[in-house]
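Please open the structure in your viewer and keep the selection panel at hand. The tour below moves from the pair of chains to single residues, and each stop says what to select and what is there.

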There are 2 protein chains.
Amino acid sequence: MTLPNHFELLATDGTARAGRLTTPHGVVRTPAFMPVGTAGAMKGLYWREVRDAGADIVLGNTYHLMLRPGAERIAALGGLQRFTGWNGPMLTDSGGFQVMSLSELRKISENAVTFRSHIDGAMVELSPERSIEVQRLLGSDIAMQMDECVRLPAVRSDIERAMQLSLRWGERSRRAFETAPSGSMLFGIVQGGDVGELRKVSARGVVDTGFHGYAIGGLAVGEPQAVMLAMIEEVVPHLPADRPRYLMGVGTPEDLLEAIRRGIDMFDCVMPTRNGRHGLAFTRRGPVNLRNARHADDPRPLDEESAWPSTQSISRAYLHHLVKSGETLGAMLLSEINIAYYQRLMGDIRDAISRGTFDEFHELTRSEWARGDIAPR
Amino acid sequence: MTLPNHFELLATDGTARAGRLTTPHGVVRTPAFMPVGTAGAMKGLYWREVRDAGADIVLGNTYHLMLRPGAERIAALGGLQRFTGWNGPMLTDSGGFQVMSLSELRKISENAVTFRSHIDGAMVELSPERSIEVQRLLGSDIAMQMDECVRLPAVRSDIERAMQLSLRWGERSRRAFETAPSGSMLFGIVQGGDVGELRKVSARGVVDTGFHGYAIGGLAVGEPQAVMLAMIEEVVPHLPADRPRYLMGVGTPEDLLEAIRRGIDMFDCVMPTRNGRHGLAFTRRGPVNLRNARHADDPRPLDEESAWPSTQSISRAYLHHLVKSGETLGAMLLSEINIAYYQRLMGDIRDAISRGTFDEFHELTRSEWARGDIAPR
């Protein structure tokens, strides 16, 4: 049985697409960048800032939330939106990726992954069925199937084994999702590492299973950008045009621009907040490292032409001082500035696609990044 | 020559006073609590939140700012207000207290203190004259004389020596301040530890020198609250009634209430932000430790009757989760909640003094604190 479609394609420009995805907690304009609120909080930002910056949807990490404060507890408190105060759409991952990257003593079997909690040392089992149950308890608008993601480089046999397991787990996830509340969605995940042939097999298999939307997983895990883009080009033709496409865990502004050009609709990444905490600002003219001493006496803001108040008004000298001093305010301001930059970029891209001017926008944006930061004073 | 007076006494109620202090960057309603923005930033808060919470004035630490980013640099960038974006009154301490508490290899002489910077290891000399120069470069609205503060308990001879040195440094500070911009102020500091007799000698000496306002230093440094209050009672009768009185580095909400009752007009303390970072909320019904497991499943806010949005709406369960998870948002919210509580308390106190109902307010407030937090669910 085909799952209902909540995605509406509004415009295409070449392979790039603009659309809208309707979730129980509101509409998501695509292409969409989802800031990552790992453990029920966006590091360094108030939720109202995330909204003000232009984000329609955020991502929560099932792995973190199931361990603390616990899925059953969040359910009893009314679900993630009520618990956190973020009153918009929320996508949750399956938890599988973080089990692999964060927990020790993990053991993977056909049935499930078993791992030791990094919080209290307890042994926890996560199966595709339990992952769906947890995501449902969290009150997720978009749940992800459980999959196995392989770090690259990897040998083909490992990639293929994980890809096939992910297909079977996708089927189990879909069955487990059958009783989910109406309007909520489940996305399948295409795996296959950096092997084009396996990506095709996976895409066909995932589409055969049938989901509300389709994600490409297992990229941005160590491979060059060119490989990532090539894999997107392998997969996209096999995905149904009327369903949303989500590239997981990506990426830099350039990654986003190039992936959208190749037909991707959704992204998530910790980069804007994590890099912000480390003193890096994303700007119209490329990344700016505020730790650099060249900013110490510079009264100019990051970008005089920005519409975002902090980007347009706060001096580089002050940001430099905050970063060098390890002041929380530095992390707060740069996280906010970066989330706002990402959201502005997505908004501009959506406009360009709608107007049929994506190629010009793509070229102009890349040339501004290439100019680099303004000269020191 | 008597220094001009920028303080206006608006109401008294017993020994408690309400007034207004006019500075180059705006008016300060007293009693006033000054949040501490140590190194040019309020830890965990945007400046607009500090303002929204009701703070008229903040404190900046000369010691931190002179070492990083440097007083001359801040002057070149237009002064602290322009540098930080806090566009209101700012009081700066002399730097002496932090030299004693934070730096290693400090050496004190009649002329100056010499110390090793905790940032780059350089040897730095701070004299009363240099302290005034630094505070002027920072663009301070209210500068403090340099003094020597002795931790308690201490022997009388040490307390007396430091008190006498502080008197001489006060005279030098005042001379150095003579060419300061019109409208800016210099406060003298009464020392004398926990010895009432020395406090009296100090108060008379400081008043003889003559300042825009008078501070009581060297309290809240290890002595019981009763001793602190007794020392305030010793000093206040010797201070001119028409000048502002500032109790340095104090304190808990109870300290503030009791000190105001004894005639104090101004306070500063890191407690609301520091304790906020450690999971403690100040509320109408006393302090609440959000780390406590009793809050884990509690959907109720800290105080349903609070006018401050975060206090009134965010669940204890969420705050508990944020604190336990070490999320920045927890420190942000609790710092904001605490600054708002302190400012609300000061506003209520000002109103009560103006209405002549301070005694009733004092009793009611203490009885609400004594009730303690709401019962667990």
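For the comparison that opens this tour, copies are superposed by least squares on the C-alpha atoms of residues with pLDDT of at least 70 in both. Please keep in mind throughout that this is a predicted model.

**The two chains**

Begin by colouring chain A and chain B separately: chain B can be laid on chain A by a turn of 180 degrees with a shift of 0.0 Å along the axis, and the RMSD is then 0.0 Å. The two copies are thus related as by a two-fold rotation axis. Both copies use the same surface, since 100% of the contact residues of chain B recur in chain A.

**The nonpolar core**

Next, select L329(A) and L329(B), which touch the most other members of the largest nonpolar core, a set of 98 residues. Which residues are in contact with L329(B), leaving aside its neighbours within four places in sequence? In chain B they are Y318(B) and L322(B), and in chain A they are A41(A), L45(A), Y46(A) and W47(A), so displaying both chains at this stop will let you see the whole list.**Two helices of chain A**

Now move to helix α7 (residues 156-176) of chain A together with α8(A), whose axes come within 10 Å and cross at roughly 5 degrees. Because angles under 35 degrees count as roughly parallel, α7(A) and α8(A) are described as roughly parallel to each other. To show the contact from the side of α7(A), select R156(A), I159(A), E160(A), M163(A), Q164(A), L167(A), G170(A), E171(A) and R174(A). From the side of α8(A), add E197(A), L198(A), V201(A), S202(A), G205(A), V206(A) and T209(A). Coloured by class, the contact of α7(A) with α8(A) has six nonpolar, five polar and five charged residues.

Stay with T209(A), which has its place in helix α8 (residues 196-209) of chain A. Is T209(A) buried or exposed? With a relative accessibility of 16%, T209(A) counts as buried, the cut-off for buried being under 20% relative accessible area. Not counting residues up to four places away in sequence, T209(A) touches G170(A), E171(A) and R174(A), and these three residues are listed among those by which α7(A) makes its contact with α8(A).

**A loop residue in chain A**

For a contrasting environment, select E305(A), in the loop between β16 (286-289) and α12 (309-313) of chain A. E305(A) has a relative accessible area of 65% and is exposed. If you also select R284(A), you will find that E305(A) and R284(A) are 21 residues apart in sequence, while their C-alpha atoms are 9.2 Å apart in space.

**Backbone details**

The last stops concern the backbone, and a general point helps in reading them: most residues other than glycine have a negative phi, and most peptide bonds are trans. In chain A, select T30(A) and P31(A), which are joined by a cis peptide bond with an omega of about 0 degrees; P31(A) is found in the loop between β3 (26-30) and β4 (32-35). In chain B, go to V250(B) and G251(B), where a cis peptide bond again has an omega of about 0 degrees; the place of G251(B) is in the loop between β13 (245-247) and α10 (253-261).

Finally, select A220(A), which is not a glycine and yet has a positive phi of about 55 degrees. A220(A) is in the loop between β12 (213-216) and α9 (225-235) of chain A, and at 39% relative accessibility it counts as partly exposed. In chain B, A220(B) likewise has a positive phi of about 55 degrees although it is not a glycine, and it lies in the loop between β12 (213-216) and α9 (225-235) of that chain. The relative accessible area of A220(B) is 39%, and A220(B) is partly exposed.

Conventions. Residues numbered from 1 in each chain as written. Chains lettered and ligands numbered in written order. Predicted model: local features only at pLDDT ≥ 70, side-chain atom pairs only at ≥ 80, totals over all residues. Heavy atoms only, no water. Core = buried A, V, L, I, M, F, W, Y, C linked by side-chain atoms within 4.5 Å. Buried < 20%, exposed > 50% of the residue type's maximum accessible area, 1.4 Å probe, protein only. Contact = heavy atoms within 4.5 Å. Helix = DSSP H or I, 4+ residues; strand = E, 2+ residues; numbered from the N terminus. Axes fitted to C-alpha atoms, helices over the stretch in contact; angles between N-to-C directions. Parallel < 35°, antiparallel > 145°, perpendicular 65-115°, else oblique. Nonpolar A, V, L, I, M, F, W, Y, C, P; charged D, E, K, R; others polar.
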